Amino acid sequence: MCNGHLVVDYDRAVQRSILKSFGSAVFNEDGTRVERDKLGEIIFADPQKKKILNAIVHPVVIRRIAAQILWNVMSGHVCVVLDIPLLFETGSIIWLMSEVVVVKCSAETQLSRLLMRNPDLSREAALRRIHAQMPMETKVSGATFVIDNEADGDFEGLRAQVDAFLVRLQAKASRRVRCVGISCAFLAVGLAVAVRQLLF
């Protein structure tokens, strides 16, 4: 499925809008690629700038997701999995979901994984990114199924939780297309396993 990073990296119209709103400082030296780290420093320090970026990127992402859902429906698939980290924050397509899966961990684990994945990021900058998101408790309360991803390297535990969700999904299966939204926050370990299990 389409994601915001791909849109920022490859959609020229989006890049032109980013250039107009944020200037050339967020691009690489030859102006051909958005430096997402630089852009992140700006938007996570200024909620208004984040709204501007979301207004540029989200409509494009949503249109592409809608097109991909339609393609899957026309291809005969009865389940479509959407991996959307900001599903609750955007709120614009959550109504499409028949199931919403939240992959959760503690704030401490979230912070340590974010810093591990981004070694150049300061602790303060990482906390700003986390605090810019909806609280995990709010996401959990809006989920229809929760996967606990607290333990690093516990792939068997993750597999068991995903299998339990698949059993639930199969029990509800019908000829109607089902959209499953997955929301997570900087979960470097386990998400790929969960999505792979859901897809295959």
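This is a short talk on one predicted protein model, its fourth helix and its salt bridges.

Let's start with the overall layout. The protein chain has 10 helices and four strands. From the N terminus, the order is α-α-α-α-β-α-β-α-α-α-β-α-β-α. Of the 200 residues, 39% are buried.

Now look at helix 4. It covers residues 47-74, which is 28 residues. From first C-alpha to last, helix 4 reaches 39 Å. At 1.5 Å a residue, you would expect 40 Å, so the span is close to that. Helix 4 does have a kink, though. The kink is about 30° and is centred on Asn 54.

What happens at the two ends? At the start, a side-chain oxygen of Asp 46 comes to within 3.0 Å of the backbone nitrogen of Gln 48. After the helix comes Gly 76, with a positive phi near 95°.

Which residues of helix 4 are buried? Among them are Leu 53, Ile 56, Val 57, Val 60 and Val 61. Lys 50 and Asn 72 are on that list too. Val 73, also in helix 4, is partly exposed, because its relative accessibility is 34%. Val 73 joins Leu 70 and Met 74 in a nonpolar surface patch. Together those three have about 310 Å² of accessible area.

On to charges. Side chains of opposite charge can pair when their charged atoms come close. This structure holds six salt bridges. I'll take three.

First up, Asp 9 and Arg 36. Their closest N and O atoms are 3.2 Å apart. Asp 9 sits in helix 1 and Arg 36 in helix 3, 27 residues apart. Asp 9 is buried at 18% relative accessible area, while Arg 36 is partly exposed at 36%.

Next, Arg 168 and Glu 99, at 3.3 Å, N to O. This pair links helix 9 to strand 2, across 69 residues of sequence. Glu 99 is buried, with 1% relative accessibility. Arg 168 is partly exposed, at 33%.

Then Asp 152 and Arg 113, at 2.7 Å. Asp 152 lies in the loop between strand 3 and helix 9, and Arg 113 in helix 6, so the pair ties together parts 39 residues apart in sequence. Asp 152 is exposed at 53%. Arg 113 is buried at 3%.

One more charged residue: Lys 139, in helix 8. Is Lys 139 buried or exposed? Buried, because its relative accessibility is 2%, under the 20% cut-off. Its side chain makes a polar contact of 3.3 Å with the side chain of Glu 89.

Conventions. Residues numbered from 1 in each chain as written. Predicted model: local features only at pLDDT ≥ 70, side-chain atom pairs only at ≥ 80, totals over all residues. Heavy atoms only, no water. Helix = DSSP H or I, 4+ residues; strand = E, 2+ residues; numbered from the N terminus. Bend = angle between axes of the 7 residues up to and from the residue. Buried < 20%, exposed > 50% of the residue type's maximum accessible area, 1.4 Å probe, protein only. Polar contact = N/O pair within 3.5 Å; in protein donor to acceptor, adjacent residues only side chain to side chain. Patch = residues over 30% accessible without salt bridge, like charges linked within 9 Å, V, L, I, M, F, W, Y side chains within 5 Å. Areas by Shrake-Rupley, 256 points an atom, 1.4 Å probe, with all protein chains shown as cover. Salt bridge = Lys/Arg side-chain N within 4 Å of Asp/Glu carboxyl O.
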